[in-house]
Structures are given as structure tokens and as C-alpha cells.
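Here are my notes on the model, set out as numbered points for discussion. They begin with one residue and widen from there.

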Amino acid sequence: MKILIAAVLAALAVTTTSASAAVIIGTQIVDTQLRATVNMEPLASDGSDAGTRAGTINASAQIVAPGGGVSGIRATSSVLAVLNSAERGRVTFRRSLTPGDSDAIQSATANYRYFFTVDSLTAFDVNWGVSTFGSAAGGSAPGQALSLAVRGASDTLLRLDSLGDGSSGETQALLAPGSYELRIEDTFPLVAAAGMRSGLSSQYSFAMRAVPEPATWMTLLLGFVTIGAVQRRRVRRLA
């Protein structure tokens, strides 16, 4: 009996210490790029940043109309990735296009990639919220997509398409030990006709946690059943 109780306590310790997945961070890459035609002149601006540890990484870009100055800015784009730990983080996109009466913003795109490796069965939780206004390429509303795949593989384990204005929710994927890639990208890049504003703001938060092995759950279940049976016998004896 003492041995069984010790096994239950050990299993409980395993489930407690396994609350955080053993995650190895690969590389987080943030890219943001803007292309525009301002007063019939093609302009482009891009920026990127990358990190190899938990922290904050960001990238920003802007289009400035000929003549420069703050009043000449026609489009801004920023991506902010905050990694609170190896197992938890969020990425925020914000873009605003403000062309003048004779300007036209052809597209504004942003992409984010996060590589990681897990060494045990892991639950990947993600939630999102997206808001947009204005228009996007092809006459569609602005939108983004999120995908999760084994690194180097074409098949996706999780994909959320056309996350447009008002999209929000949460979902989960179960990951076997291995290397993975989380990717967020535009499905319909923002555009803005002369004098018409367009914009997008979105946030994606994710968390990873280890999932106890089936054998651990069986040990816990058996232990609780046995302890319950012993307690019932004691009650009967006292009665």
C-alpha cells in the first residue's frame, strides 16, 4: 500500500513538473514590407529582425511621399513579437495606409515565423483576434492566415484561413516530439486607393504545455481507486 501511494505521489509530481513543455527555441523571424505608388512614383520599404531566445523582437516599415517629413508618411507597418518564455508568447500586427488624393498604395504585407522543437507530447494552444477596415487586393477584405506544420514538411497540422474583420477564437493541436514552424501571413494584402484609408490590427497568442503520458494517467487512476477502496474499508470497520 505504501509503495502504491508513493507511486501515486511520484506520478503527481511528474504531472506537476510537466505543466510546461520542454521547448527548444529555434529562430523567430519578423518581416514587414510595404510597396506603394505615391504620386506615380514606385516606393518600397522593408525591415526585418530575428532572435534566438525569449524576449521581444520587432520590425517596422513606412512609406514616405516625395518631399519627406512626418506629413509625408503614407503607410506604416509594424510587427511586435513578445516571447514571455520558451512556451508562451504573442505577436501583434498593425498597419495603416493613408494615401493622399493622388496616391495609391498597391500592397502592404507582413509575415512572421517561429521555429521550435519539443521533446515530449505537447499541447499547442493558440487564440486570435483580428480587426480590419478598408480594402485588400483582388477586391477582397483584408485578411490573414495562421498555419502550423512540421518544419520542412508541406502538410500543415493546423491552418486558419481568411481571418478578417471581427475574427476571433481559439484552438489546439497535439504535437509529437519534433521540430515545428508557426507561420502567420497575409492572405489578402492591404491596398488603398487615392484618398481611401485601409488598415489591419491583429494579435495571436500561443502557449505550449506538456501532456502526461497515458501510463502516468493510468498510475494516477489506479492509485486513486485503491486509496478510495482502503478508505471505504476503514469506514466499514469503524461502523
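**Notes on the predicted model**

1. Ser-77 is found in strand 4, and the model in which it is described here is a predicted one. Because its relative accessibility is 3%, Ser-77 counts as buried, the cut-off for that class being under 20%. The side chain of Ser-77 is engaged in a polar contact with the side chain of Thr-32, at 2.6 Å. Once the neighbours within four places in sequence are left aside, the residues in contact with Ser-77 are Thr-32, Leu-34, Ala-59, Ser-60, Ala-61, Arg-94 and Arg-95, so that Thr-32 appears both in this list and as the polar partner.

2. Strand 4, which covers residues 73-85, runs antiparallel to strand 3, and nine bridges join the two. Within this pairing, Ala-59 stands opposite Val-79 of strand 4; Ala-59 is also one of the residues in contact with Ser-77.

3. Strand 3 (residues 56-64) shows an alternation of its side chains that is worth following on the model. Ile-57, Ala-59, Ala-61 and Ile-63 point to one face and are buried, whereas Thr-56, Asn-58, Ser-60, Gln-62 and Val-64 point to the other face and are not buried. The contacts of Ser-77 include residues from both sets, namely Ala-59 and Ala-61 from the buried face and Ser-60 from the other.

4. A second residue to inspect is Tyr-180, whose place is in strand 12 (residues 178-188). Tyr-180 counts as buried because its relative accessibility is 4%, and its side chain reaches the backbone oxygen of Ala-176 at 2.5 Å.

5. Which residues are in contact with Tyr-180, leaving aside its neighbours within four places in sequence? They are Tyr-114, Phe-115, Phe-116, Val-118, Leu-148, Ala-149, Val-150, Arg-151, Leu-157 and Leu-175. For Phe-115, which lies 65 residues from Tyr-180 along the chain, the separation of the two C-alpha atoms is 5.8 Å.

6. For the protein as a whole, the secondary structure comes to two helices and 14 strands. Of the contacts with a separation of 6 or more, 74% are accounted for by residues 24 or more positions apart, and the pair formed by Tyr-180 and Phe-115, at 65 residues apart, can be viewed with that figure in mind.

7. As to burial and surface, 41% of the 239 residues count as buried. The protein exposes about 12400 Å², of which carbon and sulfur atoms supply 54%.

How values were computed: Residues numbered from 1 in each chain as written. Predicted model: local features only at pLDDT ≥ 70, side-chain atom pairs only at ≥ 80, totals over all residues. Heavy atoms only, no water. Buried < 20%, exposed > 50% of the residue type's maximum accessible area, 1.4 Å probe, protein only. Helix = DSSP H or I, 4+ residues; strand = E, 2+ residues; numbered from the N terminus. Pairing = 2+ DSSP bridges. Contact = heavy atoms within 4.5 Å. Areas by Shrake-Rupley, 256 points an atom, 1.4 Å probe, with all protein chains shown as cover. Polar contact = N/O pair within 3.5 Å; in protein donor to acceptor, adjacent residues only side chain to side chain.
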